[in-house]
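I opened the notebook on this one with a cup of tea and a short list of things to look up. Here is what I wrote down, entry by entry.

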Amino acid sequence: MSAFPQQLIDGYRTFASQRLPTEQSRYRELSVRGQSPEVMVIGCCDSRVSPEVIFDAGPGELFVVRNVANLVPVYAPDGGAHGVSAALEYAVNALQVKHVVVLGHAQCGGIRAFIDKIEPLSPGDFIGRWMSMFVKPGERVEQRDHESMAEFTVRIEKAAIFRSLENLTTFPFVQTRVGRGELSLHGAYFGVAEGSLFVLEQQTKQFRSVGQMSQAGG
Ligand SMILES: [Zn+2]
């Protein structure tokens, strides 16, 4: 077996000497009191899209589940092992988070593989099967006339966020808490190259840019 990656050892030592001293009391408090994050983020595995980094979150602040293309399956109590559903159940029922954020992003490899139908993406492969949940039976996902490949890709990346939000509402415990006004669902999209964040406006179904500068005053 090869050695544990030196990059991670070095990274831990930097964390332990720089960040940990400022957060040690917070870690101790969290270990006694337990976690009580108010926000769950469902993001992509992509190494460029770390929710804790993008939202500048400290320990205990975000409950995060990441998977290929930030997808949420439909509610399926079929006896199968459902990792995202289990995390969602824990976040909503046990932690009683107030917000669930689906965080999509630009240049998503999962979406790209889905669009290109590249190998290995047969229905029998893991990514192929995983991405197939994105499409409803009978639904066709195709590039539109006069739509560039780049535009098509962004449209599908955003469609994955809409689909995940739609699928979230198939979970009875999500429906219940949303209905009581105790939980809200949100979509966001991260532009990797510029580090830009777009938040889904519920009424218009449009993604609006969040300015990078702090709000003045207040
Ligand atoms: Zn991705």
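**Ground rules.** I take contact to mean heavy atoms within 4.5 Å. The model is predicted, so I kept in mind that local features need pLDDT of at least 70 and side-chain atom pairs count only at pLDDT 80 or more, while totals for chains, interfaces and linings use all residues. I number residues from 1 along each chain as its sequence is written, and side-chain values use heavy atoms, with hydrogens and water left out.

**Entry 1, Thr-153.** I looked up where Thr-153 sits and found it in helix α6. Helices here are DSSP runs (H or I, at least four residues) and strands likewise (E, at least two), numbered from the N terminus. Thr-153 counts as buried because its relative accessibility is 8%; buried means under 20% relative accessible area, exposed over 50%, and partly exposed in between, with a 1.4 Å probe and protein chains only. Setting aside neighbours within four places in sequence, I found Thr-153 in contact with Ile-111, Arg-112 and Ile-115.

**Entry 2, helix α4.** Which residues of α4 (109-116) are buried? I noted Gly-110, Ile-111, Ala-113, Phe-114 and Ile-115. The general rule is handy here: an α-helix has 3.6 residues a turn, so residues three or four places apart point the same way. The buried residues of α4 pack against α5 (126-132) and α6 (149-168). After α4 comes Lys-117, with a positive phi near 50 degrees.

**Entry 3, the zinc ion.** Which protein atoms are donors of the zinc ion? I listed Cys-44 (SG), His-105 (NE2) and Cys-108 (SG), at 2.0 to 2.3 Å from the ion. Donors are N, O and S atoms within 2.8 Å of the metal (3.2 Å for Na, K and Ca); water is not among the atoms, so sites may look incomplete. The spacing of the donor residues in sequence reads C-x60-H-x2-C. Cys-44 lies in strand β1 (39-44) and His-105 in strand β3 (99-105), so this pair ties together parts 61 residues apart in sequence. I also checked burial: Cys-44 is buried at 5% relative accessible area, His-105 at 1% and Cys-108 at 2%.

**Entry 4, disulfides.** I searched the whole structure for disulfides (cysteine sulfur pairs within 2.5 Å) and the count came back as zero.
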